Amino acid sequence: MTRNKLLAAASFAFAAGASVPFAVAQIAPPESVETAQLPTDPFSIGGLQEGEQALPGTLWSNADPRILDFLLSQAPARPASPSLGKAMRRTLLSPGAKPAGADASLGGKKLLALARAGFIDEARNISSLATTGRNDLVVAEAEATLNLLSGDAEAACRRGAALSGGREAIFWVRLRAFCYARAKEFDAFDLTMNLLRERGALSSSDEALFFAAVAGTPPKAVPPIETPLQYAALKAAGVEMSLNDLAGAEGGVIAAVANDSDASDALRIEAMMRAVAMGVMEPSRLNSLFNGLQFEVADLAAASDVAVSRPDDPVTDALLYQSITAMTAPEFIRDKAQRISVALSRADSFHRAYALSHLYADEISSLEGVIVSPQEASSFAMAAMATGDSVGAGRWLTAMIGANDSVAALPEALGIEFIDRVNLLALLDPQTASRIARGAGVSLLSSESNIVPAVNGIEDPTVKARILEAAFDAVAGEKAGQAGLAALAASSGNADFGGEVEEVIIEEGLDAAGMPELASRHRFERAMEASFASAAAASGTAASSEERGFTPRIKPPKSR
């Protein structure tokens with residue numbers, strides 16, 4: 001089936017030891033013990049946490065290093081969805097024997113892909129444990145990139161200065177220009193900048209940022225920040241990224257900002273929410289960040305009023321969270337439910353909605369049996385779906401209808417919202433969605449294509465063809481690691497047209513890699529993002545549940 005779908009896509013695209021007694025005269029020789037060689041390369045060293053599901057240790061067996069090299073070069077620097085970030089984590093952090101014939105550069109490519117996507121700590125840990133490839137240029141580039149993302153530009157510059165060869169590669173020339181700028185070595189800086197211009201390798205963003213770094217002053221207009229080197233140059237100029245700058249930054253830059261204790265609270269929160277919604281950071285990190293902020297008692301008491309006056313302020317999200325978690329007494333449970341709904345309704349983007357859904361998952365679960373309004377039940381249902389809790393989502397959707405006969409009893413806007421929510425649930429749990437739809441007297445959409453938008457397309461047809469060919473080879477040869485990389489490479493497009501072939505590669509690649517659940521999650525996340533954007537535009541003038549009051553109140557059924 002998988003191969004048939006890929007064929008269809010191709011057609012579409014191109015038409016312990018024993019103890020010894022004490023009283024013995026002679027000591028018996030020890031039994032032979034089998035020993036295992038410690039992993040020494042980036043492929044054999046894993047990076048998953050205990051309890052995380054890993055791909056089999058044979059994931060790279062029979063894979064051609066040349067194909068893997070190409071796929072790693074096409075790996076997304078910014079995972080397009082949480083599920084794809086998790087797929088990247090599982091594929092590149094599962095330990096396994098390196099591909100036969102692979103050189104040190106391939107391991108460096110793996111480290112570089114991890115670093116650029118935002119898995120900074122994991123890549124740094126693997127790099128510190130690996131003993132092979134210390135003199136390889138690609139490994140050195142990965143380690144210099146990790147230095148930049150970790151705020152240690154000096155170490156990155158030392159690494160570049162210590163190179164014995166390969167110094168004319170574009171990455172190292174750009175790094176030299178930055179390092180000369182930091183050191184105020186003006187003549188060397190000018191010569192290096194001219195070299196970059198001559199080679200057509202100096203972007204307008206690089207130029208503005210490097211000159212700002214050498215001057216030690218902010219640029220007249222901050223250009224878009226994408227790469228780790230641009231991020232380091234901006235910091236060297238004494239400028240902090242804006243919240244809007246994060247929109248186009250690579251995952252590694254976003255994760256670096258989230259980790260930067262010198263960054264403003266608002267910027268760190270926004271960056272961490274984006275990192276969570278890319279699957280490169282765990283929601284528990286956001287929880288820790290929120291709990292670590294200090295607020296005045298008076299501000300916590302007035303959190304609801306502050307939320308109304310500061311709808312776009314990420315720090316207010318943390319203020320609301322602390323005020324909600326402080327409501328532990330049973331008599332506050334009703335107000336707590338209302339305030340959680342307000343906190344969720346503040347989300348004006350997919351990444352914010354996704355991150356807040358995970359942040360409040362336990363609090364929402366504790367509300368089972370509490371009287372809530374239909375609007376609140378709707379927000380809890382969406383949050384439950386975002387965390388993968390289809391059962392909980394079903395309960396809250398049922399609560400929207402309550403004792404009424406059908407969805408017709410709801411106000412029109414809420415009725416439409418209910419139908420949208422049920423169709424989203426069908427992507428996660430078709431049976432539960434069908435049951436709820438029948439009970440509410442509504443029909444589900446007949447095709448996923450009606451609610452799941454196409455993925456971005458890859459503009460270069462040659463690149464797309466090579467990725468498709470690699471996917472075919474992976475499926476036919478049962479090469480789990482290569483299949484996962486092919487899916488990830490197919491998700492790296494940035495064209496807002498096409499995408500049909502890429503979508504097939506993503507889903508079939510994840511399935512062949514042993515991650516089919518992430519394929520279904522990816523469909524849901526794309527649909528959630530699309531529906532959330534539509535809902536956000538339509539709800540610009542809608543009042544919050546606090547403004548509408550507290551009628552009617554509906555009680556969700558207890559789980560069995």
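# A guided tour, starting at a salt bridge

Begin by selecting arginine 352 and aspartate 348, whose side chains meet in a salt bridge with an N to O distance of 3.2 Å. The model on your screen is a predicted one, and the values given along this tour are computed from it. With a relative accessible area of 4%, arginine 352 is buried, whereas aspartate 348, at 44%, is partly exposed.

Keep that pair selected and add glutamate 503 and arginine 526, which form another salt bridge, the closest N and O atoms being 3.1 Å apart. This second pair links distant parts of the chain, since glutamate 503 sits in helix 27 (residues 500-512) and arginine 526 in helix 28 (residues 516-538), 23 residues apart. Arginine 526 counts as buried because its relative accessibility is 8%. Now return to the starting pair and add Asp317 and Arg346: salt bridges that share partners join Asp317, Arg346, Asp348 and Arg352 into one network.

From Arg346, move to threonine 316, which has Arg346 among the residues it touches, along with Val306, Ala307 and Arg310, when residues up to four places away in sequence are not counted. Threonine 316 belongs to helix 17 (residues 314-325), and it counts as buried, having a relative accessibility of 1%.

Next, select arginine 182 and glutamate 154, where the side chains meet in a salt bridge at 3.3 Å, N to O. Because arginine 182 lies in helix 8 (residues 170-183) and glutamate 154 in helix 7 (residues 153-161), the pair ties together parts that are 28 residues apart in sequence. Here arginine 182 is partly exposed at 33% relative accessibility, and glutamate 154 is partly exposed too, with a relative accessible area of 39%. In the whole structure, a search finds 27 salt bridges.

A contrasting stop is arginine 268, in helix 13 (residues 265-277). What is the nearest side chain of opposite charge to arginine 268, and how far away is it? It is aspartate 265, 5.8 Å away, and arginine 268, though buried, has no salt bridge. Its side chain does reach the backbone oxygen of aspartate 260, at 3.3 Å. Leaving aside neighbours within four places in sequence, the contacts of arginine 268 include Val257, Ala258, Asn259, Ser261, Ala263 and Leu289.

Now colour helix 5 (residues 120-129), whose buried residues are Ile120, Glu122, Ala123, Ile126 and Ser127. Looking along the axis, you will find these residues on the same side of helix 5, because they cover an arc of only 165 degrees around it. To see what lies over them, show helix 3 (82-93), helix 4 (104-117), helix 6 (137-149) and helix 12 (251-259), which are included in the cover of these buried residues.

Ile126 leads on to glycine 46, which touches Leu93, Pro95 and Ile126, not counting residues up to four places away in sequence. Glycine 46 is found in the loop between helix 1 (2-14) and helix 2 (65-73), and it counts as partly exposed because its relative accessibility is 29%. Select serine 94 as well: although 48 residues separate the two along the chain, the C-alpha atoms of glycine 46 and serine 94 are 5.1 Å apart.

Finally, zoom out to the whole protein, which has 29 helices and zero strands. Of its 560 residues, 52% are buried, and the accessible surface comes to about 25,700 Å², of which 51% belongs to carbon and sulfur atoms.

Terms used
Residues numbered from 1 in each chain as written. Predicted model: local features only at pLDDT ≥ 70, side-chain atom pairs only at ≥ 80, totals over all residues. Heavy atoms only, no water. Helix = DSSP H or I, 4+ residues; strand = E, 2+ residues; numbered from the N terminus. Buried < 20%, exposed > 50% of the residue type's maximum accessible area, 1.4 Å probe, protein only. Lys, Arg positive; Asp, Glu negative; His and termini not counted. Salt bridge = Lys/Arg side-chain N within 4 Å of Asp/Glu carboxyl O. Polar contact = N/O pair within 3.5 Å; in protein donor to acceptor, adjacent residues only side chain to side chain. Contact = heavy atoms within 4.5 Å. Areas by Shrake-Rupley, 256 points an atom, 1.4 Å probe, with all protein chains shown as cover. Arc of directions from axis to C-beta.
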